[in-house]
Amino acid sequence: MKIVVLDDYQDVARGLADWDSLGAEVEVITSYLGDHDELVRRLAGAEVVVAMRERTRFTAELLERLPDLKLLVSTGRRNAAIDLKATERLGITVCGTGYLPHPTAEHTWALILAAMRHLETELAAMRDGAWQSTVGIGLHGKTLGLLGLGNLGQRVAKAGQAFGMETIAWSQNLTAERATEHGVTAVSKEDLFARSDVLSVHLVLSKRTRGLVGAAELAAMKRGALLVNTSRGPIVDEQALLDALRERRIHAALDVYDIEPLPADHPLRAMRNATLTPHLGYVTREVYEIFYRDAVEDIAAWQAGNPVRVMTL
């Protein structure tokens, strides 16, 4: 049996799970393969493919060109980049893995603190021998707005409260009672954008949330406010965000983008009022150990005829 592990950028998959226990040929690809023809060539003959989150899109067109593929393992519990209708039609089993939510919440705060205290500028200045060139903004007494108060939003809210921030939230189905359980005040969508000094996005990408943060929402934000997105890039309208950044109305701290990896010449990279990281929210050793350990378990269970953690429509 041939197994291909995709998008292991840090080249750590082999050391984090017992692949030898599967008695299979295992190939690990450490670079991003964005071209379908190249993907088809590299995946030829593979019965099993292990995909890292949503780094590679498995469209119906691509899946139809992989006749040997029988099992697709995706790290995480869901993967919007896999066409599950196509996998079902083609008889391809899709399995997921476990996940930890707290690393993304931690990274959200790394971005907030980096942006508010100008760490990117000051770290570079220290390397160059300079000393103090910016004035940061404190968090105590400021308002933290949460676009979504699910598992991640709740964790981010708790940290904000520890910093002495007022925490407010909105999502389509959020009730005042549920918000109060977490020490958060439920507000209208309009109030969320108007009142937040820091506004952090914590929604799942769907038809309902795609483009939810558009030009009108960004225009309603306080001048100088910080928009943080560690969820999914397309929740925020990219062109509207670029316009707001160019006009220097707001700041942004981003870990996710419409296109990933973010092209080297993408205009976001040139924005001095944007703090950018390359989708690192879930990238911790603890999470990767779960991902690859569970991937091996998924493959072994499938080999035995009893697949586990199966993803369905």
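Proline 261 sits in the loop that runs between strand E11 (251–254) and strand E12 (274–276). Have a look at the peptide bond just before this proline in the predicted model: glutamate 260 and proline 261 are joined in the cis form, with omega at about -5°.

Following the chain past E12 brings us to another loop, the one between E12 and helix H11 (285–303), and this is where histidine 279 is placed. Its backbone is worth a check in your viewer: histidine 279 is not a glycine, yet its phi is positive, near 50°. The relative accessible area of histidine 279 is 15%, so this residue counts as buried, the cut-off being under 20%.

A second histidine makes a good companion to that one. Histidine 118 is found in the loop between helix H4 (102–116) and helix H5 (119–127). Here too a residue other than glycine has a positive phi, about 55° for histidine 118. With a relative accessible area of 27%, histidine 118 is partly exposed, because that class covers values between 20% and 50%.

Finally, let us turn to serine 74, which belongs to strand E4 (residues 71–74). Serine 74 has a relative accessibility of 0% and is therefore buried. What surrounds serine 74, once its neighbours within four places in sequence are left aside? The residues in contact with serine 74 are Ala51, Arg53, Asn79, Ile82, Cys95, Gly96, Thr97 and Met311. With asparagine 79 there is also a polar contact, made between the two side chains at 2.9 Å.

Notes:
Residues are numbered from 1 along each chain as its sequence is written. This is a predicted model: local features need pLDDT of at least 70, side-chain atom pairs count only at pLDDT 80 or more; totals for chains, interfaces and linings use all residues. Side-chain values use heavy atoms; hydrogens and water are left out. Helices (H or I, at least four residues) and strands (E, at least two) are DSSP runs, numbered from the N terminus. Buried means under 20% relative accessible area, exposed over 50%, partly exposed in between (1.4 Å probe, protein chains only). A polar contact is a pair of N or O atoms within 3.5 Å; within protein, one must be able to donate a hydrogen and the other to accept it, and residues adjacent in sequence count only if both atoms are side-chain atoms. Contact means heavy atoms within 4.5 Å.
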